[in-house]
Amino acid sequence: MTGGAEASEDAVVAIVAARTPAPLVLALRGQPLSASIVAVSAHVIEDLVAEAPAVIVVEAEPERFDAPALVRSLRAQESLARTPVLLVAGGDARSLRRLGREAGATDVLPKPFDALELQDRVGVLIDLALARRENDRRARTMRRDAAQASAEAVSRERELIRRLMLAAEFRDDRAGDHLTRVAGCVIAVAEGLGLSAAEADDVALASTMHDIGKIAVPDHILMKAGPLTPEEWDEMRQHALRGYHMLHDSPSRLLQIAAEIALTHHERWDGTGYPRGLRGEEIPRSGRIVAVADVFDALISARSYKPAWSLERARAHLEAEAGRHFDPACVAAFLSRWEDIVALVEEQAA
């Protein structure tokens, strides 16, 4: 036996033979491994699957069963597809090798065989089986570690986004509640459009950065109590492009969505929006979703230049502007989740 076999007392060698006790068992007797006989029967495949051996030795008995067909059947089983199989059969060595390769055997041993050669062949196959098991174990560990690292990276990314939004909230103390409500409305619209929960959550988190470009707007404009002059309004509108430029070249998928939203949430379905005057489905879906959520929350929020609208008045405005300001499908999705929207607003007001 090889060194690997000597160190593997729990390695099970299943011997498929028509005779019991098989000469193969006698040849392997006394070796540091467990040898079991699986009888040739209608249930031989099921028995081998249940045994889950490290190595399978098939002794061909042409007058009793078709050994190559059995090997092919073993390879069709997912759990045995990579298990080393030694085919022991009588005949010309070259013909046996060809037969074994065609059937899917790992190795072939011609009869009559020498006990020491059988032990060596089985030992090598056990080493192969154990090496594969170790590689599989390491691969599983690496996949688990990679998945954990990926999950941790996503968690850190989301935390950084939330912290970034806290910075924006310090600039404008109205931002926090607005961002929370917009994100909640975004989830409702996205799910109403048929997006998965994960997709809706990504768009909602990215939506919290839709006004990130406003950190570059001067205070005397951003905090102005009255109406903006045309020049001030032009400056305010620059926040869409500035937010996009802050985010667009990040390798983060979430920040790329956020950049898309920052750039397009003020576009209008009829093409009269800014900064690019996009029309209809030229506007990315994320921007169309956030446009509905952003305007709705702006309408129901009190500002120094206007009182808060009622929920019903804001809803009527969205319905009236479907097909002009807003994507009609997004408005329909929003209205389909109206009870959820009302509950969100009431919860935030409490």
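Ala, Val, Leu, Ile, Met, Phe, Trp, Tyr, Cys and Pro count as nonpolar, Asp, Glu, Lys and Arg as charged, and the others, Gly among them, as polar. Exercise 1 uses this rule. The model is predicted.

**Exercise 1. The cavity**

Find which residues line the largest cavity, and how they divide into nonpolar, polar and charged.

*Solution.*
1. The structure holds one cavity of 30 Å³ or more.
2. The space in the largest cavity is about 40 Å³.
3. Its lining consists of Glu267, Arg268, Trp269, Ile283, Arg288, Ala291, His325, Phe326 and Asp327.
4. Sort these residues by the opening rule. Four are nonpolar, one is polar and four are charged.

**Exercise 2. Aromatic rings**

Phe296 and Trp338 form an aromatic pair. Work out how their planes are arranged, and where in the chain each residue sits.

*Solution.*
1. By the pairing rule, the count of aromatic pairs is four.
2. In the pair of Phe296 and Trp338, the centres are 6.0 Å apart and the planes make an angle of 80°. Planes over 60 degrees apart count as edge-to-face, so this pair is edge-to-face.
3. Phe296 belongs to helix α13 (residues 285-300), and Trp338 to helix α16 (residues 338-349). The two are 42 residues apart, so the pair links distant parts of the chain.
4. Now check burial. Buried means under 20% relative accessible area. Phe296 has 0%, so it is buried. Trp338 has 11%, so Trp338 is buried too.
5. Add Phe334. Phe296, Phe334 and Trp338 form one aromatic cluster.

**Exercise 3. Charges over rings**

Find which ring lies under Arg315, and which under Arg276.

*Solution.*
1. Start from Arg315. It lies over the face of Trp338, 5.0 Å from the ring centre.
2. Turn to Arg276. Its charged end sits over the ring of Tyr244, at 5.9 Å from the centre.

**Exercise 4. The loop between α3 and β3**

Decide whether Pro53 is buried or exposed. Then list what Pro53 touches beyond four places in sequence.

*Solution.*
1. Locate Pro53. It is in the loop between α3 (44-51) and β3 (55-59).
2. Read its accessibility. Pro53 is buried because its relative accessibility is 4%.
3. Compare sequence with space. Val13 is 40 residues from Pro53 in sequence, yet their C-alpha atoms are 5.7 Å apart.
4. List the contacts. Beyond four places in sequence, Pro53 touches Val12, Ala14, Leu48, Leu80, Thr83 and Arg133.
5. Follow one partner, Thr83. It lies in the loop between α4 (67-75) and β4 (85-90). Thr83 is buried, at 8% relative accessibility. With neighbours within four places left aside, its contacts are Pro53, Ala54, Val55, Ile56, Arg75 and Thr106.
6. Look at Ala52 in the loop between α3 and β3. At 46% relative accessibility, Ala52 counts as partly exposed.

**Exercise 5. Unusual backbone**

Identify the residue before Pro112 in a cis peptide bond, and the residue before Pro275 in a cis peptide bond. Then find the sign of phi at Ala52.

*Solution.*
1. Recall the background. Most residues other than glycine have a negative phi, and most peptide bonds are trans.
2. The bond from Lys111 to Pro112 is cis, with omega near -5°. Pro112 is in the loop between β5 (107-111) and α6 (115-171).
3. The bond from Tyr274 to Pro275 is cis, with omega near 10°. Pro275 is in the loop between α12 (253-264) and α13.
4. Ala52 is not a glycine, but its phi is positive, at about 50°.

Conventions
Residues are numbered from 1 along each chain as its sequence is written. This is a predicted model: local features need pLDDT of at least 70, side-chain atom pairs count only at pLDDT 80 or more; totals for chains, interfaces and linings use all residues. Side-chain values use heavy atoms; hydrogens and water are left out. Helices (H or I, at least four residues) and strands (E, at least two) are DSSP runs, numbered from the N terminus. Buried means under 20% relative accessible area, exposed over 50%, partly exposed in between (1.4 Å probe, protein chains only). Contact means heavy atoms within 4.5 Å. On a 1 Å grid over the protein atoms alone, a cavity is a set of points where a 1.4 Å probe fits but cannot get out, and a pocket is an open set with protein on both sides within 12 Å along at least five of seven lines; lining residues have an atom within 4 Å of a point. Grid points are joined across faces, edges and corners, and a volume is the space filled by probe spheres set on the points. Rings of Phe, Tyr and Trp (its six-membered ring) pair if their centres lie within 6.5 Å; planes under 30 degrees apart count as stacked, over 60 as edge-to-face and the rest as tilted. A charge sits over a ring if NZ of Lys or CZ of Arg is within 6 Å of the ring centre and within 35 degrees of the ring normal.
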